[in-house]
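Colleague: Got a minute for this model? I'd like to go through the ligand site and then some packing.

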Amino acid sequence: MTQRIVITGTDTGVGKTVFAAGLAGLLDGFYWKPVQSGLDGETDSEVVARLAGLPSERVLPEAYRLRSPLSPHRSAEIDGVAIKAADLAFPVLPTPLVIEGSGGLMVPLNRRTRLIDIFAEWRLPVILCARTTLGTINHTLLSIEALRARSIPLAGIAFIGDEMADTQRTIVEFSGAPQLGRLPHLDLLTGKTLRDAMIAGFAFASITGGD
Ligand SMILES: Nc1ncnc2c1ncn2[C@@H]1O[C@H](COP(=O)(O)OP(=O)(O)O)[C@@H](O)[C@H]1O
Ligand SMILES: [Mg+2]
């Protein structure tokens, strides 16, 4: 079966895009950002294209490109756009697909639907990106409870940042969720340093659930 994996996070700015770029590069797969909020500067798709070293056709067009860097529900309202769940069906491709959510799990797409509702429909395995800094135990355990309450499969946690051994252990022990690995903070973030850090920080089979 072709691998499809959803990258979510405990919050916005935790490092989902950088991790997704590293993973898409390792898998030599496709990347898809269904809802992009904010078009000034580099979009997540552009960051991934730059960091993952993927040919441009491997970065699929976003389903929604919203101008304001706000929660998608509000950004869509400002643009006069209604985000429809039907437009967020994931593409079926012959190679692995890495899908990046917007913000965290409870982010609204419109006044009725949150991102986690879409993930519950998809039923794809999710990797939860979590900071290692103070506050992450609470955010990560809450996110895992929300996923489990909806029977969304959790592939595991990808920690982002410098090692905090007790914090990581505490999250794993309370949640019982697997720790897939850790991507350290890279002072120099390039395609090469990212790829090397992904290889050093993650067991490839544990991420992909296979060989
Ligand atoms: N491992 C890392 N090393 C260095 N900088 C990182 C790393 N992960 C994320 N960043 C930086 O932190 C910021 C937020 O990361 P990003 O991946 O865009 O988060 P998210 O997609 O969760 O909003 C960006 O400026 C990004 O370059
Ligand atoms: Mg992102």
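Colleague: Which helix gives the largest share of the shell around ligand 1?
Modeller: Helix 1, residues 16-27, with three residues. Helices here are DSSP runs (H or I, at least four residues), numbered from the N terminus. This is a predicted model: local features need pLDDT of at least 70, side-chain atom pairs count only at pLDDT 80 or more, and totals for chains, interfaces and linings use all residues. Residues count from 1 along each chain as its sequence is written, chains are lettered from A and ligands numbered from 1 in written order, and side-chain values use heavy atoms, without hydrogens and water.

Colleague: Which residues come nearest to ligand 1?
Modeller: G13, K16, T17, P184 and L186, out of 13 around the ligand (a heavy atom within 4 Å).

Colleague: What do the side chains of K16 and T17 reach?
Modeller: Oxygen atoms of ligand 1. A polar side-chain atom of K16 sits at 2.9 Å, and one of T17 at 2.8 Å.

Colleague: How much of ligand 1 does the protein bury?
Modeller: 70% of the 550 Å² that the ligand exposes taken alone (Shrake-Rupley, 1.4 Å probe).

Colleague: New topic. At what angle do helix 1 and helix 7 pack?
Modeller: About 80 degrees, with axes 9 Å apart. Axes are lines fitted to C-alpha atoms over the stretch in contact, and angles run from 0 to 180 degrees between N-to-C directions. The two helices are therefore roughly perpendicular (65 to 115 degrees).

Colleague: Which helix 7 residues meet helix 1?
Modeller: L194, R195, M198 and I199 (heavy atoms within 4.5 Å).

How values were computed:
A polar contact is a pair of N or O atoms within 3.5 Å; within protein, one must be able to donate a hydrogen and the other to accept it, and residues adjacent in sequence count only if both atoms are side-chain atoms. Angles under 35 degrees count as roughly parallel, over 145 as roughly antiparallel, 65 to 115 as roughly perpendicular and the rest as oblique.
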